Amino acid sequence: MARDSRRAVSIKELFVRETGAGYKLLALIVASCVLVVADARTRLLETVSVALDTVVAPLYAAARFPHQVGSQVAEVFSSRSRLLRRNAELERDLLKMKGIVARYEGILDKNERLQKLLDASAQRTQLRSDMLIADVVQASTDRLEVVIDKGRMHGIEVGQAVIDSEGVFGQVVESAALTSRVLLIADARHSLPVRVLRNNVRTIAAGNGQDRLSLKHVAVTLDIVEGDQLVTSGLGDRFPPDFRVGEVESVVRDQTQPFADIIVLPFAELDRSRQVLVVFAERPEEAGPQQAAAEDLSATNYESPAEAAP
Amino acid sequence: MNPAKGGWLILLTLIGTMILAVAQLPGDVPDWLRWLRPDWAVAVFFFWTVAAPRRTGMVSAWIAGLLFDALLGHPLGLHGAGFAFTTFVASRFHERLSMYPLAQQAATVLAIAAIVDLANGLALAAIEDAELSPLLVLPALTTMLVYPVLAQILRRLADRYPVS
């Protein structure tokens, strides 16, 4: 009897460590679940995640090293004739762009004069904006968010609009010291106020979680057809107005449903862009510090000195 | 961890896996290639736990998971559970696993990585309406393929700079 109980004790001791480890694992998994829900659904952990982002920021630089070396090696070994050809191409593009910008400036001036006549001064200030070039340093496979290499030290704040060379790209949802996180417009959590260029119909474009946007709550009777171009409407004060968003790809009207099913193909190259522009919407009192902080403000500064002075 | 006894080597390899987790390949690579990125961290945690079960712990693996979350932009806590699970399985069976040939260890890594990837994918799908793609388990396969090479390299390192 006594021998049996001693044996039972020794077997119990044998398993004690293992069951302890199991409980520990369970506790850690529960802690993970709590943290994940808290981080995804609330803003309680924002300071923690910003601090962690700052800690890991140098790793992005190391991670980009092979890519940078690769492109530099390619530059060194590309032939002279190819470089000359590329240079000529770029010069031609630049000339074309200059022509477009000159025309754009003219239209902008004309527009402002007309708006002054209409006394719509509130809208006028929104037209011109500064931009900051940023590199995409991290894009994940399973969610529509990217990390860019500019952060709070470059003047970036949560809520700023991000565009690429083709159209609206996303918005800043978190900014650490040296990096920021950008939520893409195709993410299911993202909505964007837009207007149809053809007839000024206003609506909301929400991401579908893959690579398209869908227009929300559009009545079946509303005049939107395939091929319509969408631009930001500027409502909601997040995105400045009149940036290109996308093109209506398909419209399905089911008369038994109250709303039409409209899919939009975004212009922005959400899965390919390596460089993006962060838009600083113009607010007169902030124009000064922003320009001082951002050393590589792009040349897209349309602000004339006369306007900057209040 | 006591750095004097080789803990620094584990830390260094961990930093290496963090860099590999976000490394960009030279040149413009096709988009689908990113689905093939191995779960380097799972492989490395597995190796160190089997090779030196006293030098790794579930809690430190979980804390390392937080850094991976920050790095990859996932909700905090997501990777911690997977890493803790990897460490748990590897330390629970480390006597047996250390006797296994590399191919068999790699098969175990495949199973662990597949479970971790699937759990992470399900958690993200539940919390963020993210898309649950069948390609999700591809990283587990590539992890299995790189594991024997990785294990050889880490073993050489561990021979030169003893970890105990």
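A residue is buried if 20 or more other C-beta atoms lie within 10 Å of its own, exposed if 12 or fewer, and partly exposed in between. The exercises below apply this cut-off and others to a predicted model.

**Exercise 1. Thr143(B)**

Decide whether Thr143(B) is buried or exposed, then describe its surroundings.

*Solution.*
- Start with the place: Thr143(B) sits in helix α7 of chain B, residues 138–160.
- Count the neighbours. Thr143(B) has 26 C-beta neighbours inside 10 Å. The cut-off for buried is 20 or more. Thr143(B) therefore counts as buried.
- List the contacts, leaving aside neighbours within four places in sequence. Among them are Pro38(B), Asp39(B), Val42(B) and Ala43(B). Val109(B), Leu110(B) and Ala113(B) are in contact with Thr143(B) too.
- Check one separation. Pro53(B) is 90 residues from Thr143(B) along the chain, and their C-alpha atoms are 21 Å apart.

**Exercise 2. Two aspartates with positive phi**

Find where Asp237(A) lies and where Asp242(A) lies, and classify the exposure of Asp237(A) and of Asp242(A).

*Solution.*
- Locate them. Asp237(A) is in the loop between β9 (229–232) and β10 of chain A. Asp242(A) also lies in the loop between β9 and β10 of chain A.
- Read the backbone. Asp237(A) has phi near 60°, positive in a residue other than glycine. For Asp242(A), not a glycine either, phi is positive at about 75°.
- Count around Asp237(A). There are 10 C-beta neighbours inside 10 Å, so Asp237(A) counts as exposed.
- Count around Asp242(A). There are 13 other C-beta atoms within 10 Å, so Asp242(A) is partly exposed.

**Exercise 3. Strand β4 and its partners**

Trace the pairing of β4(A) with β3(A) and with β5(A), and state how many residues of β4(A) are buried.

*Solution.*
- Set the limits. Strand β4 of chain A covers residues 168–175. Six of its eight residues are buried, so by the count of C-beta neighbours the strand is mostly covered.
- Take β3(A), residues 161–163. β3(A) pairs with β4(A) in the antiparallel sense over three bridges. Ala161(A) has Gln171(A) as its bridge partner. Four residues make the hairpin connection from β3(A) to β4(A).
- Take β5(A), residues 180–184. β5(A) and β4(A) pair over five bridges, again antiparallel. Val172(A) is bridged to Val182(A). This pair is a hairpin with four residues between the strands.
- Look at Val168(A). Beyond four places in sequence, its contacts include Ala161(A), Ile163(A), Ile185(A), Leu192(A) and Phe243(A).
- Place Val168(A) in the core. The largest nonpolar core has 104 residues, and Val162(A), Ile163(A), Val168(A) and Phe169(A) touch the most other members. The top contributor is helix α2 of chain B, residues 40–51, with eleven residues.

**Exercise 4. The barrel**

Give the order of the strands in the closed barrel of chain A, and the sense of their pairing.

*Solution.*
- The barrel has six strands, in the order β6-β7-β8-β11-β10-β9, with antiparallel pairing.
- Neighbouring strands of this sheet are turned by 45° against each other on average, direction ignored.
- Zoom in on one pair. β10(A), residues 244–252, and β11(A), residues 261–266, are joined by six bridges in the antiparallel sense. Val251(A) faces Ile262(A) of β11(A) across this pair.

**Exercise 5. Where the chains meet**

Which element of chain A supplies the largest share of the side that touches chain B, and how do α2(A) and α1(B) cross?

*Solution.*
- Size the interface. 44 residues of chain A are in contact with 37 residues of chain B.
- Name the suppliers. α1 (2–41), α2 and β2 (145–148) of chain A each give at least two residues to that side. The largest share, 17 residues, comes from α2(A).
- Get the geometry. The axes of α2(A), residues 46–77, and α1(B), residues 7–22, come within 8 Å and cross at roughly 65°.
- Classify the angle. The range for roughly perpendicular is 65 to 115 degrees. α2(A) is therefore roughly perpendicular to α1(B).
- Add the hand. This crossing of α2(A) and α1(B) is right-handed.
- Name the residues. α2(A) makes the contact with Leu59(A), Tyr60(A), Ala62(A) and Ala63(A). α1(B) answers with Met18(B), Ile19(B) and Val22(B).

Definitions and conventions: Residues are numbered from 1 along each chain as its sequence is written. Chains are lettered from A and ligands numbered from 1 in the order in which they are written. This is a predicted model: local features need pLDDT of at least 70, side-chain atom pairs count only at pLDDT 80 or more; totals for chains, interfaces and linings use all residues. Two strands pair if DSSP finds at least two bridges between them. Axes are lines fitted to C-alpha atoms, for helices over the stretch in contact, and angles run from 0 to 180 degrees between N-to-C directions. Two residues are in contact if their C-beta atoms, placed from the backbone, lie within 7 Å. A nonpolar core is a set of buried Ala, Val, Leu, Ile, Met, Phe, Trp, Tyr and Cys residues joined through C-beta atoms within 7 Å. Angles under 35 degrees count as roughly parallel, over 145 as roughly antiparallel, 65 to 115 as roughly perpendicular and the rest as oblique. A crossing is left-handed if the near helix is turned anticlockwise from the far one by less than a right angle, and right-handed if clockwise.
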